[in-house]
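Please look over the structure shown here before reading on. The report that follows turns to charged side chains and then to the chain as a whole.

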Amino acid sequence: MFLYETLPDAPTMNLRAFIRNNMDAIVDEWEVFAKTLLPVADTMSSLALRDHCREILQATVADMQTRETESERAAKAQGHAPQDAGVDTAATAHGALRHLSGFDLVQLVAEFRALRASVLALWSRQKSAGGAADGTTGDSEIEQIMRFNEAIDQALAASIDSYSMAVTTSRDMFLAVLGHDLR
């Protein structure tokens, strides 16, 4: 189902650089998975399926590049991360638009799960191809994966929050119209 085998073998690099350099392959993975979210995805264009993926990845890389203290990392792990405009803007818009497109919450979460799995599987495949590290980071692979997961989780939380607000707004509007009609 996924396009793992289409990524060219290249020297291994840190995860941030990998995401930046392989953005197109990652976005292709996102679209392939999004097409499986039937029947909603059947009616959506390729552009609509790909929406916000690139921006979410760019915000993720930016988040991974910022320095964090242990207390900042702990706060982020507990859901108290500072509101980063890049992550919130793309992820928030994505959640609201997926609601309008008819996605359910499970499908929205599945997209982020697929994004996470695609990035890590593609990166792992490249690393196992025998490339040497490029030396652009002192972070261990575990630290890179932790930072990546934290950034994706932050984007997912923002997207779910936006989706939930859109559901609440739709419900409130429906109840207001129903209440007006019953009077």
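## Salt bridges and helices

In this predicted model, Glu150 and Arg147 form a salt bridge in which the closest N and O atoms are 3.8 Å apart. The two residues both belong to helix 8, where 3 residues, or about one turn of the helix, separate them, and both are buried. Side chains of opposite charge can pair when their charged atoms come close.

The count of salt bridges comes to 13, and the table lists three of them, including the one already described.

| Pair | Closest N to O |
|---|---|
| Asp153 and Arg116 | 2.6 Å |
| Glu141 and Lys127 | 2.4 Å |
| Glu150 and Arg147 | 3.8 Å |

The salt bridge of Asp153 with Arg116 links distant parts of the chain, since Asp153 lies in helix 8 (residues 141-182) and Arg116 in helix 7 (residues 105-128), 37 residues apart. Asp153 counts as partly exposed at 39% relative accessibility, whereas Arg116, with a relative accessible area of 19%, is buried.

A network of salt bridges also links Asp28, Glu31, Lys35 and Arg50. Glu31 is one of the buried residues of helix 2, a helix of 12 residues (23-34) that reaches 16 Å from its first C-alpha to its last. Because 9 of these 12 residues are buried, helix 2 is largely enclosed by the rest of the structure.

Taken as a whole, the chain has 8 helices and 0 strands, and 40% of its 183 residues count as buried. The chain exposes about 9800 Å², of which carbon and sulfur atoms supply 60%.

Technical notes: Residues numbered from 1 in each chain as written. Predicted model: local features only at pLDDT ≥ 70, side-chain atom pairs only at ≥ 80, totals over all residues. Heavy atoms only, no water. Helix = DSSP H or I, 4+ residues; strand = E, 2+ residues; numbered from the N terminus. Expected span 1.5 Å × (residues − 1). Buried < 20%, exposed > 50% of the residue type's maximum accessible area, 1.4 Å probe, protein only. Areas by Shrake-Rupley, 256 points an atom, 1.4 Å probe, with all protein chains shown as cover. Salt bridge = Lys/Arg side-chain N within 4 Å of Asp/Glu carboxyl O.
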